[in-house]
Amino acid sequence: MRNKKLLGGAVALLSASMLFAGCGSRSEPAASGSAGGAATKVAKIGVIAPLTGDLSVMGLGIKNSVDLAIRQANESNAIPGWKLELAAEDDTATPDVGANAATKLAADKDVVGVVGTLNSGVAQSVQPILNSANIVMVSPANTSPNLTQGADLANPKRTYPNYFRVCTTDSIQGPFAAQYLFESGVKKLAVVNDKKPYGQGLAEAVATKFKELGGEVVSNQTVNKDDDDFSTVIDLMKAKNPEVVYFGTEFQLAGPMSKQMKDKGLAVPLMGGDGIFDQKFVDLAGAKSNGDLATSVGAPIESLASGKSFVEAYKAAGFSDGFSAYGAYAYDAANAIIASLKKSLPSASDASSARQATIDGMAAVSFDGATGKVGFDEFGDAITKTLTVYEVQELKWVAKKTGELK
Amino acid sequence: MAFFIDQLLNGLSLGALYALIAVGYTVVYGIVQLINFAHGEIFMIGAFGALSTWIVLGWATGGSTAWWNMPLMLVGGMLVAVLTAVVMERFAYRPLRNAPRLAPLITAIGISIFLQEFIRLFYGEIPGFPDAKAAIPFPQIEFFTGDAVDVGGQLINRGTFFIIAALVVCWAFLWWFVNKTATGRAMQAVSQDPDTSRLMGIDVDRIIVIAFAVGAALAAIAGVAHGVRFGNIDFKMGFLAGLKAFTAAVLGGIGNINGAVVGGLTLGLVESMAASYIPGQFGGAAWKDVWAFVLLILILVFRPQGLLGAKVVDRA
């Protein structure tokens, strides 16, 4: 009898520990130097991104790139009389931790804008908090269309006036991938997603467009985000002989999936969205990942002059982590905020009174960023709809085709 | 038919992984009635131990992936895992041996979180070792990983062979160890009645340490098998695997070694069969955990002692 009770208690405790595992936030000390003259006032640009955990590769790239933009603005004295500082918060890619981070930044009266988040799922919980504090939020990486256009995409309605993004959305990225596949002669596609808002939205968009074009979606599966073992899903797909597998997810699932597919004899390319466009994907997928595909937003960074100078400046700044998939976007997002701050801050008495004017100024922002033309439409979406298909060749991502959705 | 055989092998290899870990839960529970929730982390540490061994070997061999790396990696992983388990037993559990039951349980959860965070934050700081904050690719050792093998038209993943062979060998070893050696008989005696065993001259503390060590060694083998089969390892791989293995141990009848093996294989088979054969809304890989736990609940309702019952006499 005693043992049964013990087991019951153990299970209860364990589930409690699971609940709490998601809590607790770590914050990085804001990178800042000593204040300049006595007359300079301080305004902070926040970052909300996963700085620890699976996606920290991308999150740290975002943080560092924003840091770079801020340092450059301070060096060139972009806003006379004001000094910008970085306030980075970790969201551990979890919505509730992201909400805590947003609350913390909203309570800081010096914060005038936030670059973030990485995950669309986290953005959903961050948007309303920053909106009620009138803090502009520019995402380098959220691709869920609902974030700007509301739940009903047939009747788009802007949900939060403070929210902008510099990347294209799944409603463009997904169909672009489908279009690329269909045009390169693929007729049978298998679709998988990880049930997270990003992966699911992307996979659905790909499947819908692929069918519309006349292709056949032979298999539609889901996996859990903590899975290591994809054997069953792979067998189910293999039975349908797809020519390509599209996996809506991030690299930490897509890498092992690609490896296990090929180990199991399903030797067809795996394709994913911008979430798998990282060298880590190739590391995890191993030697047989050549031929795997990814779409990513914008043109290849190296193909633009402004992109090249970002890459050089980033290298020169001596960060210990690379800028990863979203660094250039985060850099552009920070510069978009800084562009608006140039107009809103000089006339403001303190940082918090400039918040509304900064949001209002975003519509007028337009410049050539590291990823191309930066600007926003009436929903806060990026005006640039350019995407690029990348392919793994000799275990490196190589740009294959840049274009726009037809 | 080929599809069915694929699913059978998927289920068996997943089940064998659970079974290898479940043995550790069951052996320790049988002897000290402690549910060692940090055991999933021992499995993870075993995998990292094997990876570290390969990296250190690589300094001499230039990253050779020849087959002979594998036995060395297994030994390295087992050493690290056993050492961790023994230290854990000595400093965290032994002082609490006579404390109320909840104290060691909470300690176990604490150790579990400690070990995860330790690997996550510290592993990458060791010079020459990769950052463990995200998943790390497991070394691809010749012969053990690579293309699927064609057996009479059926493509079989090499990791599947590795893991099933590992379970068979470990099971045979355990049977011999528990039934044919003096230490094994002492373990049985302690699990039946520790006080009388002590009076008969058995060093109970030593037996408990051996129970932890045996469980850890098997968990390390499972950790390596995980790396071989799935191609990567990460700091949190022990959490879900540990939970599933614990489930397998309860399913088979906790305290019973054969029960852990049967429970593990059953759980693995149910997961893979449910994912492939339940049609419609509730089918597919995403629902496999739901069906696995539905089965657990049903079995515990109708057979609370688990599939094979408790061979070990219950002290309580």
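## A helical span in chain B

Take residues 159-178 of chain B: in this predicted model the span is 100% helix and 0% strand, and its end C-alpha atoms lie 28 Å apart. UniProt, in an unreviewed entry, lists residues 159-178 as a "transmembrane region" of chain B. The same entry gives that label to residues 12-35, 42-60, 72-93, 105-123, 207-225, 245-270 and 282-302 of chain B as well.

Residues 245-270 of chain B are also on that list. Here the span is 85% helix and 0% strand, and the end C-alpha atoms lie 14 Å apart.

## Helix H4 of chain B

Now for helix H4 of chain B, which covers residues 102-122. At 1.5 Å a residue, its 21 residues should span 30 Å, and the end C-alpha atoms are 29 Å apart, which agrees.

Several residues of H4(B) are buried, including Pro104(B), Leu105(B), Thr107(B) and Ala108(B). Further along H4(B), the buried residues include Ile111(B), Ser112(B), Leu115(B), Gln116(B) and Ile119(B).

## The domain record for chain A

Over in chain A, an unreviewed UniProt entry lists residues 44-393 as "domain: Leucine-binding protein". In the model, that span is 42% helix and 19% strand. Its end C-alpha atoms lie 41 Å apart.

## A five-strand sheet in chain A

Chain A has an open sheet of five strands, in the order E2-E1-E3-E4-E5, with parallel pairing. E2 and strand E5 (163-165) of chain A are at the edges and have a single partner strand each, so one side of each is left without a neighbour in the sheet. On average, neighbouring strands of this sheet are turned by 25 degrees against each other, direction ignored. Helix H3 of chain A (residues 95-107) packs on the sheet, where it touches E1, E2 and strand E3 (111-116) of chain A. The direction of H3 makes about 155 degrees with that of E2(A).

Is the edge strand E2(A) enclosed or open? Seven of the nine residues of E2 (residues 82-90) of chain A are buried, so the strand is largely enclosed by the rest of the structure.

## How E1 and E2 fit together

Strand E1 (residues 41-49) of chain A runs parallel to E2(A), and nine bridges join the two. Lys41(A) stands opposite Trp82(A) in E2(A), and Ile48(A) stands opposite Glu89(A). Add helix H2 (residues 56-75) of chain A to E1(A) and E2(A), and you have a right-handed β-α-β unit.

## Helix H6 of chain A

Helix H6 of chain A takes in residues 170-183. From first C-alpha to last, its 14 residues reach 19 Å, close to the 20 Å expected at 1.5 Å a residue. H6(A) is mostly covered, with twelve of its 14 residues buried. Among them are Asp170(A), Gln173(A), Pro175(A), Phe176(A), Tyr180(A) and Leu181(A). Just after H6(A) comes Gly185(A), with a positive phi of about 95 degrees.

## A proline in helix H4 of chain A

Pro128(A) sits in helix H4 (residues 120-132) of chain A. Is Pro128(A) buried or partly exposed? Pro128(A) has 15 other C-beta atoms within 10 Å, so it counts as partly exposed; a buried residue would need 20 or more. The C-alpha atoms of Pro128(A) and Asn162(A) are separated by 9.1 Å, with the two residues 34 residues apart along the chain.

How values were computed. Residues numbered from 1 in each chain as written. Chains lettered and ligands numbered in written order. Predicted model: local features only at pLDDT ≥ 70, side-chain atom pairs only at ≥ 80, totals over all residues. UniProt positions renumbered as here; feature names shortened; annotations may be inferred. Helix = DSSP H or I, 4+ residues; strand = E, 2+ residues; numbered from the N terminus. Pairing = 2+ DSSP bridges. Right-handed = clockwise from strand over helix to strand, strands pointing away. Axes fitted to C-alpha atoms, helices over the stretch in contact; angles between N-to-C directions. Contact = placed C-beta atoms within 7 Å. Expected span 1.5 Å × (residues − 1).
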